[in-house]
Amino acid sequence: MPSTFRISSALWDKIHHFASFPQTGVSLQQMVQFGQNPSQGTLLRASQFLLEELPVRLAHRAKELDELPHNLSNMPSIQKVKNWYAQSFEELINFPPISLQPGIRAALNQGDISLPVSTPNLSFKENAYSRSGDSNRNGTGANRGRLRIPIEKRYYARTTTTEWPPEVHDYNTRFTKTLEAIKRRHDPTVTTVAQGVLEWKQHQKAQNIGLDVQAWLDRFYMSRIGIRFLIGQHVALNTLAPHPDYVGIICTRANVHDIVHEAIENARFVCEEHYGMFKGPPVQLICPNNLHFAYVPGHLSHICFELLKNSLRAVVERYGHEKEDAIPPIKVIVVEGKEDITIKISDEGGGIARSAIPLIWKYTYTTMEGQHIDQNFQASDFNAPMAGFGYGLPLSRLYARYFGGDLRLISMDGFGTDVYIHLNRLSSSREPLP
């Protein structure tokens, strides 16, 4: 984004208007059913949905970035992120509309199979990620009276077999390129916000962030996961060749063993590079080779990678990087239950003191020295150093909770730590074949 971008008063009025509308949740099941063999007409409907939904989500975040407590909104890095959100919002609301013949427009509204109704995410407590007095439900809380039609009534699983004119394909292509540019703009958001919080801590001479800032970071990053999921899914549907096991970025038969094994190898490589080790600590993986379920592989890989980095660092610093053969193995056990697929990561890295357990879920809490993020650092969520920013655990828990799972930690001070990743089996009607 050009550094000269400024939010005009007219743009702020539009942001506040869109922020008064509730957001619409989407389930993985809906996205899978919608995205199977989509026609250009179906992709056009998806574009129209995102043109309505994304400005609402971006407006909520831009407005909140401007109203943060304790002078946090005035930090340079926070203002930079606010401008990114405002610019992306402006590009979407000003995206040129498509002009269609009446027959084509009628065909778009003749979808014969509506999407299944989504169910509440049981990983969230009531209003856990909403501001006090706010709600994202249709016509409740602060948004009472501003009703929006539920997604399953306005987003159809397929359209008719109409021969779609070239302008539909051209519109979908242009909109996809706009989304790709927005996604690239927001790649460094996590690290830039983290830098903004560090600027605020230094300015306030504060050791830790308060509960209100913690709650805002949870809301902000959970929203970001959702926005990037919607954009990534739409871009993939429009640009990737069809694959029997994929619907966009969703793998309908994600192989848990392969994903976890790759995360293990990546984490061990980072550990070896960081500590200058010839051979990283051993990791034992106990997981059925044929365990599959519908999930976004990138999310699961990110969660496992972050947690494995923590365990590898703990055992190396407890036993010493020069004693490679004396380090006890980290154990990763994967089990399929009736409701969840659970991954347990166990290490003997000395554990965490009971008094420190509440702190591990706080953003910016870390035992690494010298917290600093390069202002020009452009890495996204999935490119991170060994440790040091204090975002690995809380962000991993948000990724797990986004699709109805959770992340829990149990530590034995003086011995080691067990972390449990609970993944909701969203395709729960799948046959339990031997």
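**A five-strand sheet and its helices**

This predicted model has twelve helices and ten strands.

Q: What is the strand order in the open sheet of five strands?
A: Pairing in this sheet is mixed. Strands E5 (283-286) and E9 (406-412) each pair on one side only, making them the edge strands. The twist from one strand to the next averages 15°. Reading across, the order is E5-E7-E8-E10-E9.

Q: Which residue in E7 stands opposite Ile 286?
A: Start with the strands: E5 and E7 (residues 330-336) run parallel, joined by four bridges. Ile 286 falls within E5, which covers 283-286. Its opposite number in E7 is Ile 333.

Q: At about what angle does helix H10 run to E5?
A: H10 takes in residues 256-275 and lies across E5, E7 and strand E8 (340-347). Taking N-to-C directions on a scale from 0 to 180 degrees, its angle to E5 is about 175°.

Q: Which strands does helix H11 touch?
A: H11 spans residues 297-319 and packs on the sheet. Its direction makes about 20° with that of E8. The strands in contact are E5, E7, E8, E9 and E10 (416-424).

Q: What share of the protein's residues is buried?
A: Here a residue counts as buried when its relative accessible area is under 20%. The protein has 434 residues, and the buried share is 52%.

Q: How much of the accessible surface belongs to carbon and sulfur atoms?
A: Take the whole protein: its accessible surface comes to about 20,600 Å². The part belonging to carbon and sulfur is 51%.

Note on methods. Residues numbered from 1 in each chain as written. Predicted model: local features only at pLDDT ≥ 70, side-chain atom pairs only at ≥ 80, totals over all residues. Heavy atoms only, no water. Pairing = 2+ DSSP bridges. Helix = DSSP H or I, 4+ residues; strand = E, 2+ residues; numbered from the N terminus. Contact = heavy atoms within 4.5 Å. Buried < 20%, exposed > 50% of the residue type's maximum accessible area, 1.4 Å probe, protein only. Areas by Shrake-Rupley, 256 points an atom, 1.4 Å probe, with all protein chains shown as cover.
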